[in-house]
Amino acid sequence: MREIQFREALREALSEEMRRDENVFLMGEEVAEYNGAYKVSQGMLDEFGSKRVIDTPIAELGFGGIGVGAAVNGLRPIVEFMTFNFSLVAIDQIINSAAKFMAMSAGQYSCPIVFRGPTGNAGQLGAQHSQNFENWFANTPGLKVVVPSNPYDAKGLLKASIRDNDPTIFMESEQMYGDKGEVPEGEYILPLGKANIVKEGSDVTIVSFGKMIPRVVLPAIAELEKDGIKVELIDLRTVRPIDYATVINSVKKTNRCVVVEEAWPLAAISSEITYHLQRYAFDYLDAPVIRVNNMDIPLHYAPTLIEATLPNVKRTVDAVKQVMYKK
């Protein structure tokens, strides 16, 4: 199977869906003439033209609203944010308009729109450009929230998101756009709301999603295997809806769980996973669930502070050994 970059997998998904359905279009800052801030939309202006690949002003509230209006009127917009930190400017259109049209119209109107772009830390970009809002959006009824961890998932989940009739938040990572992975030539779609058992194991379950899996969890698993610890890894893929059943069934087998999430700890996705495990798998737990989150502070610029703030391999290895009562 061929290997392509994360950005290429996204581009293929966008282009294939635009060829398939003339109602699909892309809009955002620098998506057209500049070929995309991260080159995800490279070449798409030449193929689809300026009516379907649209450069916008630096005005997220404005073009977010245009996208919502277009979706309610029968089109399928893909709105790219240069970073999801900037989505806060448009959050009224996402939360108060897109997420609520179906309910407030008694099912008369759907809002098939995808808001996509990078989330989380991407290096020394400062506190205002390094935040994770997956749990913010996942807290909103009416939205679906997708966070892929590799090129294969990125393509299959983005195609599913574009075809879905609900508004979808599709969150990527600046640090992963150049990552390579195996992606088949033919068309495929991955269902939203279904977690992936990346690796089977018998000693402990690690639950995670997005960038944390290739950057933190997989290296941690490699370290743990040196000590003979067999980890079962669950990639949530989507954080609304969450596939609780897959997580719970895994913990019923391993009896221990660590949740790794690049986000502040209060009211995080990891909090939700932990609640469901104590509610539905309490009698199977041989140790309390441990969460590995960001420290509860804004992310500072200095690389030493970034390392101290974010989840990392050592903290993950230590958490697994703690739930297994190993030193």
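**Exercise 1.** In this predicted model, are Lys159 and Glu17 buried or exposed? Describe also how their side chains meet and where each residue lies along the chain.

*Solution.* Begin with the contact itself: the side chains of Lys159 and Glu17 form a salt bridge, with a distance of 2.7 Å from N to O. Next, place the partners, for Lys159 belongs to helix α7 (residues 151–163) and Glu17 to helix α1 (residues 6–20), so the salt bridge ties together parts of the chain that are 142 residues apart in sequence. Finally, turn to accessibility, where both Lys159 and Glu17 are found to be buried.

**Exercise 2.** Determine which residue forms a salt bridge with Asp153, and classify each partner by its relative accessible area.

*Solution.* The partner is Arg237, and the closest N and O atoms of the two residues are 2.9 Å apart. Asp153 lies in helix α7, whereas Arg237 sits in the loop between β11 (231–235) and β12 (238–240), so this pair ties together parts that are 84 residues apart in sequence. For the classification, recall that buried means under 20% relative accessible area. Asp153 has a value of 1% and is therefore buried, and Arg237, with a value of 9%, is buried as well.

**Exercise 3.** Analyse the salt bridge between Glu185 and Arg2, and identify the network to which these residues belong.

*Solution.* The two side chains meet at 4.0 Å, taken from N to O. This pair links distant parts of the chain, since Glu185 is in the loop between β8 (180–182) and β9 (196–199) while Arg2 is in the segment before β1 (3–5), 183 residues apart. The accessibility of each partner follows: Glu185 is exposed, with a relative accessible area of 62%, whereas Arg2, at 22%, counts as partly exposed. Both residues enter a network of salt bridges that links Arg2, Glu12, Glu16, Glu17, Arg20, Lys155, Lys159, Arg163, Glu185 and Glu187. The structure holds 24 salt bridges.

**Exercise 4.** Which residues gather in a patch of negative charge on the surface, and where is Asp46 found?

*Solution.* The patch is made up of Glu30, Glu33, Asp46 and Asp55. Of these, Asp46 is found in helix α2 (residues 44–48). Exposed means over 50% relative accessible area, and Asp46, at 71%, therefore counts as exposed.

**Exercise 5.** Summarise the region that UniProt lists as "domain: Transketolase-like pyrimidine-binding".

*Solution.* The UniProt record, an unreviewed entry, gives residues 4–179 for this domain. Over residues 4–179 the chain is 35% helix and 16% strand, and the end C-alpha atoms are 8 Å apart.

How values were computed. Residues numbered from 1 in each chain as written. Predicted model: local features only at pLDDT ≥ 70, side-chain atom pairs only at ≥ 80, totals over all residues. Heavy atoms only, no water. Patch = residues over 30% accessible without salt bridge, like charges linked within 9 Å, V, L, I, M, F, W, Y side chains within 5 Å. Areas by Shrake-Rupley, 256 points an atom, 1.4 Å probe, with all protein chains shown as cover. Lys, Arg positive; Asp, Glu negative; His and termini not counted. Charge placed at Lys NZ, Arg CZ, Asp CG, Glu CD. Helix = DSSP H or I, 4+ residues; strand = E, 2+ residues; numbered from the N terminus. Buried < 20%, exposed > 50% of the residue type's maximum accessible area, 1.4 Å probe, protein only. UniProt positions renumbered as here; feature names shortened; annotations may be inferred.
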